[in-house]
Amino acid sequence: MNQRIISRTVGLTIIAALVALVNTPSSLGAPIEQVSITDAEPGATLVVTSTADSGPGTLRQALLDVHTGDTVTFLPLVFPPANPATISLTSGPLPDLDDGNVTIDASTAGVIVDGIGLADPEADGFIVSSIGNTIRGLQVRGFPRIGIHLDSGADNNTIRDNTIGDNGDAGIYI
């Protein structure tokens with residue numbers, strides 16, 4: 001019985017100390033912001049392991065599963081840099097990138113995202129409608145309209161080291 005009381009007292013003391021720390025001004029004179037543990041954790045890394053249009057391990061599935069702060073990478077064994085592999089899209093446009101602060105990084109792989117097989121004449125490649133995303137290292141081609149479309153509200157995004165061409169209207173639309 002005494003051990004439980006001591007544990008509760010110690011636990012409450014620790015919580016009280018953390019609350020006091022969060023509410024204490026920092027050395028710069030500004031209060032320390034409260035950050036939850038989930039906000040402080042780094043995002044997940046989703047690895048694309050298939051050149052298929054849809055299903056487990058595909059770019060489409062990664063874009064469906066991605067959350068704010070996540071990174072999508074490509075397995076170099078499947079997407080060798082010296083001999084790029086093609087993801088041929090036929091089932092429809094990719095899901096919008098609407099979570100924010102997501103990185104799609106093909107800088108260590110050879111990835112071609114090809115939309116030439118899409119039936120919709122209005123289909124874009126990547127539609128970005130959120131802030132702080134990075135798309136790098138891809139080849140984006142063959143889309144009926146636009147390779148990478150930065151939609152309204154898509155601020156502070158980085159499109160870097162991509163090869164974008166042979167798209168119907170434009171490579172990148174801002």
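**Exercise 1. Identify the bridge partner of Thr 86 in strand 5, and place the two strands in their sheet.**

Step 1. Thr 86 has Ile 112 of strand 5 as its bridge partner. Strands here are DSSP runs (E, at least two residues), helices are DSSP runs (H or I, at least four), and both are numbered from the N terminus.

Step 2. Strand 5 covers residues 111–114 and pairs with strand 3 in the parallel sense over 4 bridges. Two strands count as paired if DSSP finds at least two bridges between them.

Step 3. An open sheet of 4 strands follows the order 3-5-8-11, with parallel pairing. Strand 3 and strand 11 (163–165) are its edge strands, each pairing on one side only. From one strand to the next, the twist averages 15 degrees; axes are lines fitted to C-alpha atoms, for helices over the stretch in contact, and angles run from 0 to 180 degrees between N-to-C directions.

The model is predicted: local features need pLDDT of at least 70, side-chain atom pairs count only at pLDDT 80 or more, and totals for chains, interfaces and linings use all residues. Residues are numbered from 1 along each chain as its sequence is written, and side-chain values use heavy atoms, with hydrogens and water left out.

**Exercise 2. Determine which strands pair with strand 9, and how its residues are placed.**

Step 1. Strand 6 (residues 126–128) runs parallel to strand 9 and is joined to it by 3 bridges. Within this pairing, Ile 127 is matched with His 149.

Step 2. Strand 12 (residues 170–173) also pairs with strand 9 in the parallel sense, over 3 bridges. Here Ile 148 has Ile 172 as its partner.

Step 3. In strand 9 (residues 146–150), 5 of the 5 residues are buried, so the strand is largely enclosed by the rest of the structure. Buried means under 20% relative accessible area, exposed over 50%, and partly exposed in between (1.4 Å probe, protein chains only).

**Exercise 3. Describe the surroundings of Asp 124.**

Step 1. Asp 124 lies in the loop between strand 5 and strand 6. Its relative accessible area is 4%, so Asp 124 is buried.

Step 2. The Asp 124 side chain makes polar contacts with the side chains of Arg 145 (3.0 Å) and His 149 (2.8 Å). A polar contact is a pair of N or O atoms within 3.5 Å; within protein, one must be able to donate a hydrogen and the other to accept it, and residues adjacent in sequence count only if both atoms are side-chain atoms.

Step 3. Leaving out residues up to four places away in sequence, Asp 124 touches Pro 93, Phe 143, Arg 145, Ile 146 and His 149, where contact means heavy atoms within 4.5 Å.

**Exercise 4. Classify the aromatic pair, and locate Phe 74 in the nonpolar core.**

Step 1. The whole structure holds 1 aromatic pair. The ring centres of Phe 74 and Phe 79 are 5.5 Å apart and the planes lie at 85 degrees, so the pair is edge-to-face. Rings of Phe, Tyr and Trp (its six-membered ring) pair if their centres lie within 6.5 Å; planes under 30 degrees apart count as stacked, over 60 as edge-to-face and the rest as tilted.

Step 2. Phe 74 and Phe 79 are both buried. The largest nonpolar core has 31 residues, and Phe 74 is among those with the most contacts inside it, as are Leu 59, Phe 126 and Leu 138. Such a core is a set of buried Ala, Val, Leu, Ile, Met, Phe, Trp, Tyr and Cys residues joined through side-chain atoms within 4.5 Å.

Step 3. Helix 3 gives the most to this core, with 3 residues.
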